[in-house]
Amino acid sequence: MKDILTAPWLTELVRTCTNMYAHGWDERNGGNISLRLDEAEAAQYVDPSAVLRRIPTGFRAEPLDGMLFLVTGTGKYLKNVQVDPAANLGLLRLTDGGETAELLWGYTDGGRFTSELPAHMMSHAVRLAADPAHRVILHCHPNNLLAMTYVHDLDERAFTRTLWQMETECVMVFPEGVNVLPWMLCGTNEIGEATAEKMKTARLVVWAQHGIYGAGRDLDETFGLIETAEKAAEVYLKIAHLPWKQTITVDDLHQLERRFGVKAREGWLD
Ligand SMILES: [Zn+2]
């Protein structure tokens, strides 16, 4: 058995946690990540039959039954993951239709998975149905996107169009746009279900006055998705109160679609 602390998927997740904290997106215990693993890749580092603890999840997620996830712990600070991965992360297998998490490694101080596990797992189920290569759900509190939810219309089309106009890359990086949930109580199955519903049509879901959820095939792609939207929100906040002399027009966005072979969300550029 190889040393799990050398597993590429673990070291990359640790690096992502450090990077998110460095960006200021994860104050205190804010933010959480879950990464889906193939049993074969995990089995090089842990014995999949050696269950350390069985932890009830409080929700069902049948499509994920038997799947493995590396998940940040509840109450843990992302800045500390690099110092002690085994206490701050856990490797889980969902069983009993998603109602039980079997701990295979981690949470060494007796801890458990993030309180946002429902939103993560329900989102994984939806994104996997849309894309079999999907692996990552990442949640954080990026400053500018968060600030933007106080001053911008929360209509998804309007919110997305503003972001698309703030940086040329945006429509290529998230052509399907950004979906938005109004403020809701976090940590509940209800916000999990609402987030997953929004994940059916976009990989980015803003939680108003809270933060954002991103989904993707790997950690870099998912981090980059949020990073791009956050950059656009930063530009918006720098210029929103100034008189605009010019912007990226709808016609410009159509040119980008044609040149780069992307298709913006149906009806959102009309
Ligand atoms: Zn949060």
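This passage walks through a predicted model, starting at its metal site and moving out to salt bridges, helices, strands and a few single residues.

The zinc ion makes a handy starting point. Three histidines of the protein serve as its donors, namely His139, His141 and His210, each through its NE2 atom and lying 2.1 Å from the metal. Along the chain, these donors follow the spacing H-x1-H-x68-H. His139 sits in strand E6, which covers residues 136-140, while His210 belongs to the loop between strand E8 (204-207) and strand E9 (211-216), so this pair ties together parts of the chain that are 71 residues apart in sequence. Both His139 and His210 are buried.

Next come the charged pairs. Side chains of opposite charge can pair when their charged atoms come close. Over the whole structure, a search turns up 16 salt bridges. One of them links Glu102 with Arg54, with 2.8 Å between the closest N and O atoms. Glu102 is part of strand E5 and Arg54 is part of strand E2 (residues 53-56), so the contact ties together parts that are 48 residues apart in sequence. Glu102 has a second partner to look at: its side chain also meets that of Arg93 in a salt bridge, at 2.9 Å from N to O. Arg93 and Glu102 are both buried, and for Glu102 the relative accessible area comes to 9%. That value is under 20%, so Glu102 counts as buried.

Another salt bridge brings Arg203 and Glu176 together, at 2.5 Å from N to O. Here, too, distant parts of the chain are linked: Arg203 lies in the loop between helix H8 (189-199) and E8, Glu176 lies in the loop between helix H7 (170-173) and strand E7 (178-181), and the two are 27 residues apart. Arg203 is buried, at a relative accessible area of 18%, and Glu176 is buried as well, at 16%. Elsewhere, salt bridges with shared partners join Glu39, Arg54, Arg93, Asp96 and Glu102 into one network.

Asp96, a member of that network, also has a backbone quirk. Its phi is positive, at about 55 degrees, although Asp96 is not a glycine. The residue is found in the loop between strand E4 (89-95) and strand E5 (100-106), and it is partly exposed, with a relative accessible area of 39%. Tyr107 has a positive phi as well, near 45 degrees, and again the residue is something other than glycine. Tyr107 is in the loop between E5 and helix H4 (117-130). Is Tyr107 buried or exposed? At 2% relative accessibility, Tyr107 counts as buried.

Helix H4 itself is mostly covered, with 12 of its 14 residues buried. Among the buried ones are Leu117, Met121, His124 and Arg127. How does the length of H4 work out? At 1.5 Å a residue, its 14 residues should span 20 Å, and the end C-alpha atoms are indeed 20 Å apart, so the two values agree.

His120, another buried residue of H4, has a polar contact with Asn32, side chain to side chain, at 2.7 Å. Asn32 belongs to strand E1 (residues 32-37) and is buried, at 6% relative accessibility. The side chain of Asn32 has a further polar contact, this time with the side chain of Thr114, at 3.3 Å.

Strand E7 is covered on both faces: Val178 and Val180 are buried on one side, and Asn179 and Leu181 are buried on the other. E7 runs parallel to E8, and 4 bridges join the two. Within this pairing, Val178 stands opposite Leu204 of E8. Together with H8, these two strands make a right-handed β-α-β unit.

Finally, one long-range approach involves Asn19, a residue of helix H1 (residues 8-22). Asn19 and Phe223 are separated by 204 residues in sequence, yet their C-alpha atoms are 9.2 Å apart in space. Asn19 counts as partly exposed, at 33% relative accessibility.

Methods. Residues are numbered from 1 along each chain as its sequence is written. This is a predicted model: local features need pLDDT of at least 70, side-chain atom pairs count only at pLDDT 80 or more; totals for chains, interfaces and linings use all residues. Side-chain values use heavy atoms; hydrogens and water are left out. Donors are N, O and S atoms within 2.8 Å of the metal (3.2 Å for Na, K and Ca); water is not among the atoms, so sites may look incomplete. Buried means under 20% relative accessible area, exposed over 50%, partly exposed in between (1.4 Å probe, protein chains only). A salt bridge is a side-chain nitrogen of Lys or Arg within 4 Å of a carboxyl oxygen of Asp or Glu. The expected span of a helix is 1.5 Å times one less than its number of residues. Two strands pair if DSSP finds at least two bridges between them. A crossover is right-handed if, with the strands pointing away from the viewer, the path from the first strand over the helix to the second runs clockwise. A polar contact is a pair of N or O atoms within 3.5 Å; within protein, one must be able to donate a hydrogen and the other to accept it, and residues adjacent in sequence count only if both atoms are side-chain atoms.
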